[in-house]
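Here are some notes for anyone opening this model and wondering where to look. Have the viewer ready and follow along.

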Amino acid sequence: MSFPKGFLWGGAIAANQYEGAWLEDGKQPNVTDVLVGIMSKEPGIKWNADTKKYEMCLDPDKVYLSHDAVDGYHRYREDLKLMKGMGFNSFRTSIAWGRIFPNGNEEEPNEAGLAFYEDMFRCMRELDMEPVITLSHYETPLYLVTEYGGWSNPKLIEFWKRYVSTVFKRYKGLVKLWLTFNEVNNMLRVPLVAGGVLTVDNPADPSDPIGSTTKQDIWNGYHNILVANAWTVKLGHEIDPDCQVGCMLTSSSVATYPYTCDPKNVFGALESQRMANFYFGDPFCLGIVPTYLKKVWKKDGVTVNFTDEELAMIKEYTVDFFSFSYYRSSVYDLEYAMKTDTGGLVGKENPYLKDKAPKPWGWPVDPEGIRYTLNVLYDRYHLPLYIVENGVGLDENLNENGTIEDDFRIHYIEEHVKNVNLAIEDGVDCRGYLYWGPIDVVSAGTGEMKKRYGFVYVDRFNDGHGTLERAKKKSYDWYKELCESNGESVLK
Ligand code: BGP
């Protein structure tokens, strides 16, 4: 069976990992601008005992690569042409909220930021690439976090509504596929970036801002984001009836397998899926707040109350489609405490998987997991599905011919795409495959350049040096064949 006509083939990046220009043309810092990698426990903020507030205080010994990233802010026109050179018919990036509303709470938007994205989206349209645009990819303005406690504060809903209404109006007709919050289901694990949540009211230990974030604030963030998501769907449809608004979740955790058939392991795996995924997916897609959360809230000692009005909004304004990242599966075992990173949950080693990405990251490779994930999500939600992140990060250097023979990446994609095709054959309405990081960008998890996903290499290194020149890897032509043949090249 072939891929459907009009299937989206492309790639995905995020403003904070690609653009750089972190303080240019009026932009103020995002929350990721004070972190070297989103898994970092030491944000570059310091408590001011006089004002009783956090303020930005970067560590002079650290290299914040995202500040300049790969200079996409100045090079997107050429980069988009490089993407089109691979036959992309779609391209995903995000709007950095702080380019539009620098501190997040202004009354009026920053025209320079609006004009920047307008040109970028026009450029995509001229190149016949469907823009797939994330409204918030770990990019809450830092000021909203330090001043208001981020999404723990319901005031954020109003600021967000102003921001999304502004961009929906400005890009009406240009952007038809909108994603709300990137991987927001990482909120329980990395609340500062995934949920933009920080405890700013008398933190227990101000020298440890992350450790001081309270469960109550995190669950308040959950509450406010569910309401904001519903508002986004409502406003999107009102402002541009032709646009579609989808959620974006990290769904590697859907493929959490029980290590054995011990019913305790089977139930544990189910609980992992719930608390890593469905606790956001169900309200976004089905309009219901799961009942099992009551037990979780009790255990966490928090109070979460939705008003009838809010519940009605969540019920009515569910998303039009479900988009997700999938990198790998994980294995749940009762005896083993699961961890997490940007690829998803990290559990016990799966003895049935043959491949692993090379070290130092060594993520297991499970292409059948993407078929499983697509089937579970479709059975549950019956919504169109878009894979908006899948890929493999490798430590790579140019060879004497000025290229990189990235056969491992080619093999990785080939196997995953074959399984996407099998899922479509299973009856799943999957509408797109957008590879993560078609051009090397700064890694989200570790803040490094060394972890490269691209088909296009960028000359920049962990210490910040490099010419920023672009070079095609072997996978560039291979992916071009895949896109241009609508997937046939791997099915033959
Ligand atoms: C996802 C993020 C991306 C991206 C990817 C790969 O969690 O949405 O921003 O970077 O993971 O992760 P990493 O860069 O840590 O390898």
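The points below go through the ligand site, the cavities, the pockets and two spots in the backbone.

1. A word on the source: this is a predicted model. Keep that in mind as you read the values below.

2. Start with the ligand. Which residues come nearest to it? There are 15 residues around the ligand, and the nearest are Gln 17, Glu 183, Thr 342, Lys 451 and Tyr 453. Sorted by class, this shell holds six nonpolar, six polar and three charged residues.

3. Now zoom in on the ligand's oxygen atoms. Glu 183 has a polar side-chain atom 2.5 Å from a ligand oxygen. For Gln 17, the gap between a side-chain N or O atom and an oxygen of the ligand is 2.6 Å. Asn 182 places a polar side-chain atom 3.0 Å from a ligand oxygen. As for cover, the ligand has 380 Å² of accessible area on its own, and the protein covers 100% of that.

4. Where does the ligand sit? Its place is the largest cavity, which has a volume of about 160 Å³. This cavity is lined by 17 residues, and Tyr 327, Thr 342, Glu 389, Trp 436 and Ala 444 are the closest to its centre. Thr 342 is worth clicking on, as it is listed among the residues nearest the ligand and also among those closest to the centre of the cavity. The lining breaks down into eight nonpolar, six polar and three charged residues.

5. How many cavities of 30 Å³ or more turn up in the whole structure? The search finds eight. The second largest holds about 100 Å³ of space. It has 15 lining residues, with Leu 35, Gly 37, Ser 66, Ser 443 and Gly 447 nearest its centre. There are no charged residues in this lining, which is made up of eight nonpolar and seven polar ones.

6. Moving on to the open sites, the largest pocket contains about 770 Å³ of space. Its lining counts 24 residues, and those closest to the centre are Leu 188, Glu 271, Met 275, Val 296 and Lys 299. Which element gives the most to this lining? That would be α9, with seven residues. The elements that each supply at least two residues are α8 (215–239), α9 (263–286), α10 (293–300) and β11 (339–341). By class, you get 13 nonpolar, three polar and eight charged residues.

7. The second largest pocket comes in at about 310 Å³. Of its 19 lining residues, Val 346, Glu 349, Lys 356, Gly 362 and Pro 364 lie nearest the centre. Two or more residues come from each of β10 (330–332) and β12 (344–346). The class count for this lining is seven nonpolar, five polar and seven charged.

8. Next, a peptide bond to check. Is the bond from Lys 359 to Pro 360 cis or trans? It is cis, with omega near 10°. Pro 360 belongs to the loop between β12 and α12 (367–381).

9. Last, take a look at Asn 202. This residue is not a glycine, yet its phi is positive, at about 45°. You will find Asn 202 in the loop that runs between α7 (191–194) and α8.

Terms used: Residues numbered from 1 in each chain as written. Predicted model: local features only at pLDDT ≥ 70, side-chain atom pairs only at ≥ 80, totals over all residues. Heavy atoms only, no water. Near = heavy atom within 4 Å. Polar contact = N/O pair within 3.5 Å; in protein donor to acceptor, adjacent residues only side chain to side chain. Areas by Shrake-Rupley, 256 points an atom, 1.4 Å probe, with all protein chains shown as cover. 1 Å grid on protein atoms, 1.4 Å probe; cavity = no way out; pocket = protein on both sides within 12 Å on 5 of 7 lines; lining within 4 Å. Sits in = over half its atoms within 2 Å of the grid points. Nonpolar A, V, L, I, M, F, W, Y, C, P; charged D, E, K, R; others polar. Points joined across faces, edges and corners; volume = space filled by probe spheres on them. Helix = DSSP H or I, 4+ residues; strand = E, 2+ residues; numbered from the N terminus.
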